[in-house]
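Me: I would like a close look at one small part of this model, followed by an account of how that part sits within the whole. Please take it slowly, as I am new to reading structures.

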Amino acid sequence: MIINGINKLCAWKAGIAFCSLCLLCVACSEWDEHFDADTHVTATQQQTLWQNIESNGQLSQFADLLRKTGYDAVLSASQTYTVWAPQDGTFDYDALRTENNDRLLRQFVQNHIARSNYPASGSVQESIYMLNEKLMNFQGNGTYQMQDIDVTLPNLAAKNGTIHAMKGKIPFLPNIYESLNNETWPLDSISDYFHSFDTRELNEQKSVPGPVLNGEQTYLDSVFYEHNDLYTLNRAYINREDSNYTMILPTNEAWHKARTQIKAMYNYVPQFEFMENTSTTVGEKKVTVVYLKDAEQLQDSIVNVMLLRDLFYNNNLYDNPRLGALPDGQRLQCDSLVSTTMSKVYAEDAAMLFEGAHRVDKSNGAVWVTDSLRMRPWTTWNPELHQEAEGSMVANYFNTAGEPASVRVSELAQNPAITGKISNGRYLQAQPSASNTNPEVDFYLSGVRSATYNVYAVFVPANITNANAVSLPSRMVVDIGYVDAKGKSQEKRMRNTVAGNNYFENDPTRIDTVYIGEFTFPVAFVETGRYYPYIRFRSNVTNALSSQYDRTLRIDCLILRPKELDDYLNEHPDYKYDHE
């Protein structure tokens, strides 16, 4: 943004104010001597930048393009500019004449003009923000170059600035945001989506006023505040010239392929039954009908957000600097990458992201154009769900001695005989209200996609802190409540496929992860407010079995692992992925 560029320029100048003061004293002296000795140059100081350019026979092509974009008026105003003007015959004038005004203005005209005076005198080593915010290098000592383009006639002074004639145009290097419009690659899908969030607002204080026409203020040089909500959503400000990002840029083919894959995980129904348990009688339920305002629109929005969320990497953080030096066609070697939305992918998955992609350098980083987004679903679109029992939304509890308690083990010493570690240092404990009752706890499951999961529950033994406590296994039945594809509320009793029965037990000698079973949720519940499917644990101990089992339920956490991730882990036991 132009405003941002101005602020950066001011900040940069303030940072070297002392040195600049010394240099300017010398520069002003040399400047005066130069123009005092040349009456022709002194005469140009009585004219504006535009008048000097228009009357210069070597700058007629540049003048024509300024006039085409309205910058003849801008360079006639009182604000001070420095213009690096390419001489006739040294640049692609005929091609530029056919460009639309917006592109011509940003990629050519504003690429050659900066606010303030930048004389070529003595030793110069300047980093200058142009009007289009591009950072350019102006350097030399006696002879001068702007971005390695030779300045042939420096210091043509005007009353509102300075002109440096050049042997060629300054190359325009787009930033990552600008590259979404690149015509070399078929990027319409991501470009159209991204630009649908563009906003643009005139900053009147920073703009140069023109005449009032028909009662309305016009501006000779309009400065806009430009923003896109996707910058903030993805924490990736790919429009900023002082940033350094890597973006994986999907072609139309990659975009549509990924959308099809993601869409299946976010299936919504326009209305569904939500089953709420009551706190009076075991098994009593209340059914509420929930209406989604627009299920298709919700699905479309979430699919796009999920597709975009892990395409951006800040090259300055974590192990990401390796991306800045990664050549096209070479395999990435790193421990891990962290996206701007804080998703972490380890070496194997990180290298896969860039396979078959083509690197294109940009002014604020690089893009990797690809025909296929090589992301494993569980690293971004369909992650493993890890839910702490003590921190979960408890849908209901029955026959317990009060509300289930959160027990903090970290405040106590864990029994060294117990193997394993309690996640987050806490677990949920539900005790029976009487010696012959069985407690029940129901947990809402947040973040569920319309996908197949392997469901696990982690149980804690009774002697976790007290080595003298009698530790017996729990015996329980497990039900999962869900919504089917028609929006009807359903409940399924899980079967213990390992033991071949309908109840589950834990190992009382350790912190035990118990496999509950495979379950497919037909409907997604991401972004549906407080409405979720649930899982119920009910102690199943009869009086005859009370000496063999513990009726108290001690649950550390719940894990819903995508089945395809579990299958991959079985085949690759050393595979490393981001999970709690």
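Reply: Let us begin with Cys557, which in this predicted model has a relative accessibility of 3% and therefore counts as buried, the cut-off being under 20%. Another cysteine to set beside it is Cys334, whose relative accessible area is 12%, so that Cys334 is buried as well. When we ask about bonds between cysteine sulfur atoms, the structure turns out to hold 0 disulfides.

Turning from these cysteines to the chain around them, we find that 52% of the 580 residues of the protein chain count as buried. The accessible surface of the chain comes to about 26900 Å², and carbon and sulfur atoms make up 48% of that surface.

The fold itself is built with 15 helices and 31 strands. The radius of gyration of the chain is 33 Å, whereas the globule rule gives 25 Å for 580 residues, and because the value is well over that figure, the chain is more spread out than a compact globule. Along the principal axes, the C-alpha atoms fill a box of roughly 115 × 50 × 45 Å. Among the contacts in the chain with a separation of 6 or more, 72% come from residues 24 or more positions apart.

Finally, as regards charge, the protein chain carries 70 negative and 49 positive side chains, and the centres of these two sets lie 7 Å apart.

How values were computed. Residues numbered from 1 in each chain as written. Predicted model: local features only at pLDDT ≥ 70, side-chain atom pairs only at ≥ 80, totals over all residues. Heavy atoms only, no water. Helix = DSSP H or I, 4+ residues; strand = E, 2+ residues; numbered from the N terminus. Rg over C-alpha atoms; globule rule 2.2 N^0.38 Å. Buried < 20%, exposed > 50% of the residue type's maximum accessible area, 1.4 Å probe, protein only. Contact = heavy atoms within 4.5 Å. Areas by Shrake-Rupley, 256 points an atom, 1.4 Å probe, with all protein chains shown as cover. Lys, Arg positive; Asp, Glu negative; His and termini not counted. Charge placed at Lys NZ, Arg CZ, Asp CG, Glu CD. Disulfide = S-S within 2.5 Å.
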